[in-house]
Amino acid sequence: MSTIEIVSFGYLHDAPPAAHLTIDLRHHFRDPHVSPELRYMTANDAPVRAAVLGTPGITDLVEATACAVAAFASGPSAGTVTVADGCAGGRHRAPTFAAALAERLTVAGHSVSVCHRDLDKDVVQR
């Protein structure tokens, strides 16, 4: 079975990392950054996770992405399957999505590693 590597990132910090599958969360899902009470929190904080996972469509996207990853992992080539998921700053939507995807894939029996590239970077002022 393939190993799955998930990398969350912020498009406003640097280019997306190389990946087999890249998920752009910027335009279709509400950004917690717009809520002053959530802006300086991260996906490590329960209110941010609740806001992101409560957004319509997010859990469906986690499930669809898990299916796509399983398809990559079942292919004839052995090796790591890399998924990158990004939002604007990499502190809210992307790391929450990455954690939810990792949990879903782990339950399905995959070996999963997660890296949050930009989670600890300063809030991007916009």
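Is Asp-31 buried or exposed, going by its relative accessibility? In this predicted model, the residue has a relative accessibility of 11% and therefore counts as buried, the cut-off being under 20%. Asp-31 sits in the loop that runs between strand S2 (21–24) and helix H1 (36–39). Its side chain comes to 2.9 Å from the backbone nitrogen of His-33. Once neighbours within four places in sequence are set aside, the contacts of Asp-31 are Ala-88, His-92, Arg-93 and Arg-126.

Some of these names return around the empty space inside the model. One cavity of 30 Å³ or more is present in the structure, and the largest cavity holds about 90 Å³ of space. Its lining is made up of 15 residues. Those nearest the cavity centre are His-33, Gly-89, Arg-91, His-92 and Arg-126. His-33 is thus a lining residue of the cavity as well as the residue whose backbone nitrogen is reached by the side chain of Asp-31. Likewise, His-92 and Arg-126 line the cavity and are in contact with Asp-31.

Attention now turns to the nonpolar interior. In soluble globular proteins, nonpolar side chains tend to be buried together. Here, the largest nonpolar core has 21 residues. Within it, the residues that touch the most other members are Ile-4, Ile-6, Leu-25, Val-69, Leu-101 and Leu-105. Two or more core residues are given by each of strand S1 (3–10), strand S2, helix H3 (58–73), strand S3 (81–87) and helix H4 (93–107). Helix H4 supplies the largest share, with seven residues.

Leu-25 offers a handy view of the surroundings of one core member. Not counting residues up to four places away in sequence, Leu-25 touches Leu-61, Asp-85, Gly-86, Cys-87, Arg-93, Ala-94 and Phe-97. One of these, Arg-93, is also in contact with Asp-31.

Thr-65 lies in helix H3. With a relative accessible area of 3%, Thr-65 is buried, because that value falls under 20%. A polar atom of its side chain is 2.7 Å from the backbone oxygen of Leu-61, and Leu-61 is itself among the residues touched by Leu-25. With neighbours within four places in sequence left aside, Thr-65 is in contact with Leu-21, Ile-23, Val-83, Phe-97 and Leu-101. Phe-97 is touched by Leu-25 too, while Leu-101 is one of the core residues that touch the most other members.

On helix H4 is Ala-102, which counts as buried because its relative accessibility is 10%. Beyond residues up to four places away in sequence, Ala-102 touches Ile-6, Val-112 and Val-114. Of these, Ile-6 is listed among the core residues with the most contacts to other members. The C-alpha atoms of Ala-102 and Asp-85 are separated by 12 Å, the two residues being 17 residues apart along the chain.

Finally, what of the cysteines? The structure contains zero disulfides. Cys-87 takes part in no disulfide, and the nearest cysteine sulfur, belonging to Cys-115, is 14 Å away. Cys-115 is likewise in no disulfide, with the sulfur of Cys-87 as its nearest. As for their surroundings, Cys-87 counts as buried because its relative accessibility is 2%, whereas Cys-115, at 41%, counts as partly exposed. Cys-87 also appears among the contacts of Leu-25.

Notes. Residues numbered from 1 in each chain as written. Predicted model: local features only at pLDDT ≥ 70, side-chain atom pairs only at ≥ 80, totals over all residues. Heavy atoms only, no water. Helix = DSSP H or I, 4+ residues; strand = E, 2+ residues; numbered from the N terminus. Buried < 20%, exposed > 50% of the residue type's maximum accessible area, 1.4 Å probe, protein only. Polar contact = N/O pair within 3.5 Å; in protein donor to acceptor, adjacent residues only side chain to side chain. Contact = heavy atoms within 4.5 Å. Core = buried A, V, L, I, M, F, W, Y, C linked by side-chain atoms within 4.5 Å. Disulfide = S-S within 2.5 Å. 1 Å grid on protein atoms, 1.4 Å probe; cavity = no way out; pocket = protein on both sides within 12 Å on 5 of 7 lines; lining within 4 Å. Points joined across faces, edges and corners; volume = space filled by probe spheres on them.
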